[in-house]
Amino acid sequence: MLEEAGPIVEAVAVITSRGHMVEADNDYENWRVDGGAWLTAGDLLALAICLGLNARNGRLH
């Protein structure tokens, strides 16, 4: 999980910087944005990409 944490932390930062609230489950396996349905880490990364994070500037390869 530690190697995977970097992109997740970055995704959370992007999503919260857009004014959304992000919370993790007890195992940090699933994530909830603004109290919605639980998302997987992959879904969270996809949301961050949609909100402006992209591989062009060296992130989330």
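## Ile49 and helix α2

Ile49 counts as partly exposed, because its relative accessibility is 45% and partly exposed covers values between 20% and 50%. This residue sits in helix α2, which spans residues 41-50. Val14 is 35 residues away from Ile49 in sequence. In space, the C-alpha atoms of Ile49 and Val14 are 8.8 Å apart. The model is predicted.

## The chain as a whole

Two helices and three strands make up the secondary structure of the chain. Their order along the sequence is α-β-β-β-α. The chain has 61 residues, and 20% of them count as buried.

The accessible surface is about 4,100 Å². Carbon and sulfur atoms hold 54% of that surface. Among contacts with a separation of 6 or more, 34% join residues 24 or more positions apart.

## Asp25 in the β1-β2 loop

Asp25 belongs to the loop between β1 (22-24) and β2 (30-33). Is Asp25 buried or exposed? Asp25 is buried, and it has no salt bridge. Arg32 is the nearest side chain of opposite charge, at 8.6 Å. A salt bridge needs a separation within 4 Å, so Arg32 does not qualify as a partner for Asp25.

What does the side chain of Asp25 reach? One partner is the backbone nitrogen of Glu29, at 2.9 Å. The backbone nitrogen of Asp27 is also there, 3.1 Å from a polar atom of the Asp25 side chain. Beyond four places in sequence, Asp25 touches Asn30 and Trp38.

## Asn30 in strand β2

Asn30 is part of strand β2. Its relative accessible area is 27%, so Asn30 is partly exposed. Leaving out neighbours within four places, Asn30 is in contact with Glu23, Ala24 and Asp25 on one side of the sequence list, and also with Trp38, Leu39 and Thr40.

Thr40 is ten residues from Asn30 along the chain. The C-alpha atoms of Asn30 and Thr40 are separated by 4.8 Å.

## Leu39 in strand β3

Strand β3 covers residues 38-40 and includes Leu39. Which residues does Leu39 contact, leaving aside neighbours within four places in sequence? The list is Glu29, Asn30, Trp31, Val33, Leu44 and Leu47. Of these, Asn30 lies in strand β2. The contact between Asn30 and Leu39 also appears in the list for Asn30.

Asp25 and Leu39 are 14 residues apart along the chain. Their C-alpha atoms are separated by 10.0 Å.

## The aromatic pair

How many aromatic pairs does the chain have? The count is one. Tyr28 and Trp31 form this pair, with 6.1 Å from centre to centre. The angle between their planes is 55°, and the pair is tilted. Tilted is the class because 55° falls between the 30 degree limit for stacked and the 60 degree limit for edge-to-face.

Trp31 counts as buried, because its relative accessibility is 8% and the limit for buried is under 20%. Trp31 is also one of the contacts of Leu39. Tyr28, the other member of the pair, lies in the loop between β1 and β2.

## Positive phi in two loops

Most residues other than glycine have a negative phi. Tyr28 is not a glycine, yet its phi is positive, at about 55°. This residue is in the β1-β2 loop.

Asp34 also has a positive phi, near 55°, and is a residue other than glycine. Its place is the loop between β2 and β3. With a relative accessible area of 44%, Asp34 is partly exposed.

## Ala37 in the β2-β3 loop

Ala37 is found in the loop between β2 and β3. Why does Ala37 count as exposed? Its relative accessibility is 61%, and exposed means over 50%. Not counting residues up to four places away in sequence, Ala37 touches Trp31 and Arg32. Trp31, by contrast with exposed Ala37, is buried at 8%.

Methods:
Residues numbered from 1 in each chain as written. Predicted model: local features only at pLDDT ≥ 70, side-chain atom pairs only at ≥ 80, totals over all residues. Heavy atoms only, no water. Helix = DSSP H or I, 4+ residues; strand = E, 2+ residues; numbered from the N terminus. Buried < 20%, exposed > 50% of the residue type's maximum accessible area, 1.4 Å probe, protein only. Contact = heavy atoms within 4.5 Å. Areas by Shrake-Rupley, 256 points an atom, 1.4 Å probe, with all protein chains shown as cover. Lys, Arg positive; Asp, Glu negative; His and termini not counted. Polar contact = N/O pair within 3.5 Å; in protein donor to acceptor, adjacent residues only side chain to side chain. Phe/Tyr/Trp six-rings, centres within 6.5 Å; stacked < 30°, edge-to-face > 60°.
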